[in-house]
Amino acid sequence: MSDCIFCKLANGEIPTETAYENDYVRVIADANPANVGHLLVITKKHTANMTELDEETAAEVMKAVRKTVIAMKTALKPDGINVIQNNGEAAGQTVMHFHMHVIPRYYGDGILPTWRQLHPEQVETHAAVAAIAAALQEQK
Ligand code: AMP
Ligand code: ZN
């Protein structure tokens, strides 16, 4: 996509701090990091989000995320690491080109909220899981 900034970053049209790249992904520094060393694993192919991601690229993304997490642990020695991926505006996605966040975490940094814990009726949980299970069965 010619007007997509992440396409330009992923394919090197706009230079950026790069930790790793291969035929499928580029791993770059987030411009507005939650912590120093916050990286984004961006697909080279334009894909809006995970619902559009093809299986081969999805597998390659996860391989690159795994390598990145291991390298971040070695290099920065954080207390922990979050891997986050937002799908859709309601989920906090602001750039509509698939990417995964890899964020080094430190005790007390307070950068991510934890969610409130619901206690739904068993019947509600069952209905949601059953609907998803049925949709999974229909997937190729
Ligand atoms: P998301 O909210 O999951 O869509 O995340 C988008 C991320 O992209 C945010 O963390 C932004 O800080 C980051 N971002 C936006 N523009 C750029 C850019 N030009 N270079 C690097 N990171 C960017
Ligand atoms: Zn794009």
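Student: What joins the side chains of Lys45 and Asp54?
Tutor: A salt bridge, with N to O at 2.7 Å. The term stands for a side-chain nitrogen of Lys or Arg within 4 Å of a carboxyl oxygen of Asp or Glu. This is a predicted model, where local features need pLDDT of at least 70, side-chain atom pairs count only at pLDDT 80 or more, and totals for chains, interfaces and linings use all residues. Side-chain values use heavy atoms, without hydrogens and water, and residues are numbered from 1 along each chain as its sequence is written.

Student: Is Lys45 buried or exposed?
Tutor: Lys45 is partly exposed at 48% relative accessibility, and Asp54 is partly exposed too, at 26%. Buried means under 20% relative accessible area, exposed over 50%, and partly exposed in between (1.4 Å probe, protein chains only).

Student: How many salt bridges by that rule?
Tutor: Five. One of them pairs Lys44 with Glu21 at 2.5 Å, N to O. Lys44 sits in the loop between strand 3 (39-43) and helix 2 (55-76) and Glu21 in strand 1 (residues 18-21), so the pair ties together parts 23 residues apart in sequence. Helices (H or I, at least four residues) and strands (E, at least two) are DSSP runs, numbered from the N terminus.

Student: And how accessible is Lys44?
Tutor: Lys44 is buried at 18%, while Glu21 is partly exposed at 41%.

Student: Switching to helix 2: where do Glu60 and Lys63 lie?
Tutor: Both are in helix 2, three residues apart, about one turn of the helix. Their salt bridge has its closest N and O atoms 3.2 Å apart. Glu60 is buried at 17%, and Lys63 is partly exposed at 49%.

Student: Which residues form a network?
Tutor: Glu21, Arg26 and Lys44, through salt bridges that share partners.

How values were computed:
Chains are lettered from A and ligands numbered from 1 in the order in which they are written.
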